[in-house]
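The following questions and answers ask what lies behind the terms applied to a protein model. Each answer sets a value against its criterion and then concludes.

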Amino acid sequence: MTPDTTAATGRDIADLRARVRKFTSERLTAGDFVPQCDAWVRGFDLSFSRALSAEGLIGVTWPAEFGGSGMPSTARLVITEELLRVGAPVAAHWIGERQIGPSILRFGSRELQDEFLPAITTSEVSFCLGMSETEAGSDLAAVRTTAERDGSGWRINGAKVWTTNAHHATHAYVLARTSRSEIKHEGLTEFIVDMRSPGVTVRPILDLAGEHHFNEVLLDEVAVPSRWVIGEVGEGWSQVTGQLSFERGGSERFLSTYPLLAETLKHAHLSGDRATIEQVGALAARVSALRNLAWNIAVSVDNGVAPVADAAKLKYLGPAFERDVLNTARYAVDVGGLSDEGTLERLISEAQVAIPGMSIRGGVSEVLLTLVARSETRL
Ligand SMILES: Cc1cc2nc3c(=O)[nH]c(=O)nc-3n(C[C@H](O)[C@H](O)[C@H](O)COP(=O)(O)OP(=O)(O)OC[C@H]3O[C@@H](n4cnc5c(N)ncnc54)[C@H](O)[C@@H]3O)c2cc1C
């Protein structure tokens with residue numbers, strides 16, 4: 001379903017940006033949230049997502065019949081930029097809105113669309129992503145979780161790992177094997193699983209700072225109705241590869257540490273540290289190039305083109321940029337000393353914990369570089 005891209009002019013986009021900025025600044029002033037790094041992962045706050053829903057700011061690219069407003073992907077990009085810029089707690093709706101909803105819109109039955117799309121826009125359902133397994137990360141087609149037909153539905157058995165926010169989610173997207181084949185990319189199917197179903201066990205995995213974002217999700221004879229298959233049985237691989245462009249090509253791949261970048265500049269001004277100000281200038285130049293790339297990706301999506309190579313470029317360049325944001329912030333503290341309120345130090349420690357995973361989650365850099373090399377050498 002192609003959105004009505006003519007509906008958003010430059011003026012509409014500017015008005016939308018101003019609207020989101022007003023929304024976030026009012027909530028910041030009210031103390032509803034504290035800006036964080038990596039807020040789209042660590043900031044799980046249902047009341048914030050529901051406030052955004054009430055403003056009609058979730059699922060804006062979807063048709064009105066499914067709770068959206070038929071805006072182009074560039075409009076969604078502007079909304080996400082504004083939310084990430086201030087480190088707003090958006091994790092509760094992020095996965096559902098970014099990739100599961102678009103996948104349901106593209107491949108799901110009408111029944112599935114009616115059941116889930118409006119519920120994502122109102123933040124009634126919250127998705128986690130059950131793709132990776134212990135032996136299937138970069139090599140995702142190696143998943144061993146199985147789904148077998150059982151009466152009118154399916155039974156799923158297996159174990160997913162690194163499932164971010166599974167302990168909060170109401171539903172999981174699960175990629176499972178539905179038939180054996182010589183070719184491992186065949187015989188995969190995409191399912192939706194209710195996290196409250198009997199047989200679902202969520203076990204925490206603590207990160208290097210002892211925080212709980214990851215989980216292991218065990219699926220033991222979990223019953224799933226047939227209507228919760230996304231798209232065609234056995235077509236999971238071709239469907240999921242389209243989904244990866246949504247996962248990789250957004251501004252969260254380079255704006256997760258934006259609150260740290262802004263605070264570093266503030267600190268450098270206060271301490272009169274010219275060298276840091278210049279380094280922030282160099283980072284700001286890179287941010288504008290990355291924003292242009294994200295914009296082009298959104299335009300491609302609106303034009304019905306899967307921006308696989310551009311999304312891989314963004315996903316490679318973004319984490320490298322964010323690492324430099326952290327290094328610049330550390331340099332600012334070395335030169336200018338600790339900040340009075342401790343905000344800079346807190347943001348540094350949040351970024352420090354997140355950065356090692358940035359070049360791994362959503363696709364490791366080595367794999368992305370292979371994709372980029374293939375696409376660019378075809379020119
Ligand atoms: C912060 C974070 C959050 C995550 N959240 C989720 C989630 O919510 N849901 C989910 O399903 N998964 C999630 N993951 C898992 C993530 O998708 C996988 O970690 C990732 O795909 C890599 O898989 P792997 O860990 O099995 O590493 P591997 O695939 O084993 O890769 C390990 C290393 O081997 C090398 N390598 C592997 N393949 C190649 C290749 N083809 N070419 C060159 N080098 C290669 C690379 O150096 C790579 O870094 C998350 C991961 C992180 C870090």
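Q: Where is the place of Ser-251?
A: In this predicted model, Ser-251 is found in the loop that runs between α7 (236-248) and α8 (252-255).

Q: Is Ser-251 called buried or exposed, and why?
A: Its relative accessibility is 0%. Buried means under 20%, so Ser-251 counts as buried.

Q: What makes the approach of the Ser-251 side chain to the side chain of Thr-80 a polar contact?
A: The two side chains are in contact at 3.4 Å. The cut-off for such a pair of N or O atoms is within 3.5 Å, and therefore the value of 3.4 Å qualifies.

Q: Why is the pair of Phe-23 and Phe-48 called edge-to-face?
A: The ring centres of Phe-23 and Phe-48 are 5.7 Å apart, and the planes form an angle of 70 degrees. Rings pair if their centres lie within 6.5 Å, and planes over 60 degrees apart count as edge-to-face. Both conditions are met, so the aromatic pair is edge-to-face.

Q: Which parts does the pair of Phe-23 and Phe-48 tie together?
A: Phe-23 belongs to helix α1 (residues 10-29) and Phe-48 to helix α3 (residues 46-54), so the pair joins parts that are 25 residues apart in sequence. Phe-23 is buried at 3% relative accessibility, and Phe-48 is buried at 3% as well. Phe-23, Phe-48 and Phe-33 form one aromatic cluster.

Q: Why is the pair of Phe-116 and Phe-127 called tilted?
A: The centres of these two rings are 5.9 Å apart and the planes stand at 55 degrees. Stacked planes are under 30 degrees apart and edge-to-face planes over 60, with the rest counted as tilted. The angle of 55 degrees falls in the remaining range, so the pair is tilted. Phe-116 lies in helix α6 (residues 110-121) and Phe-127 in strand β1 (residues 127-130), 11 residues apart. Phe-116 is buried with a relative accessible area of 2%, and Phe-127 is buried with 4%.

Q: What makes Arg-76 count as lying over the face of Trp-94?
A: Arg-76 is placed over that face at 5.8 Å from the ring centre. The distance cut-off is within 6 Å, so the value of 5.8 Å satisfies this part of the criterion.

Q: Why is Trp-162 called partly exposed?
A: Trp-162 has a relative accessible area of 47%. Buried means under 20% and exposed over 50%, so 47% falls in between and Trp-162 is partly exposed. Trp-162 lies in the loop between β3 (153-161) and β4 (171-177). Its phi is near 65 degrees, a positive value in a residue other than glycine.

Q: How do you know that Trp-162 has a polar atom pair with the ligand?
A: A backbone N or O atom of Trp-162 lies 3.0 Å from a nitrogen atom of the ligand. The cut-off is within 3.5 Å, so this pair counts as a polar contact. In addition, a polar backbone atom of Leu-129 is 2.6 Å from a nitrogen atom of the ligand, and a polar side-chain atom of Glu-366 is 3.1 Å from an oxygen atom of the ligand.

Q: How much of the ligand does the protein bury?
A: Taken alone, the ligand exposes 980 Å², of which the protein buries 62%.

Terms used: Residues are numbered from 1 along each chain as its sequence is written. This is a predicted model: local features need pLDDT of at least 70, side-chain atom pairs count only at pLDDT 80 or more; totals for chains, interfaces and linings use all residues. Side-chain values use heavy atoms; hydrogens and water are left out. Rings of Phe, Tyr and Trp (its six-membered ring) pair if their centres lie within 6.5 Å; planes under 30 degrees apart count as stacked, over 60 as edge-to-face and the rest as tilted. Helices (H or I, at least four residues) and strands (E, at least two) are DSSP runs, numbered from the N terminus. Buried means under 20% relative accessible area, exposed over 50%, partly exposed in between (1.4 Å probe, protein chains only). A charge sits over a ring if NZ of Lys or CZ of Arg is within 6 Å of the ring centre and within 35 degrees of the ring normal. A polar contact is a pair of N or O atoms within 3.5 Å; within protein, one must be able to donate a hydrogen and the other to accept it, and residues adjacent in sequence count only if both atoms are side-chain atoms. Accessible areas come from the Shrake-Rupley method with a 1.4 Å probe; for residues, only the protein chains shown count as cover.
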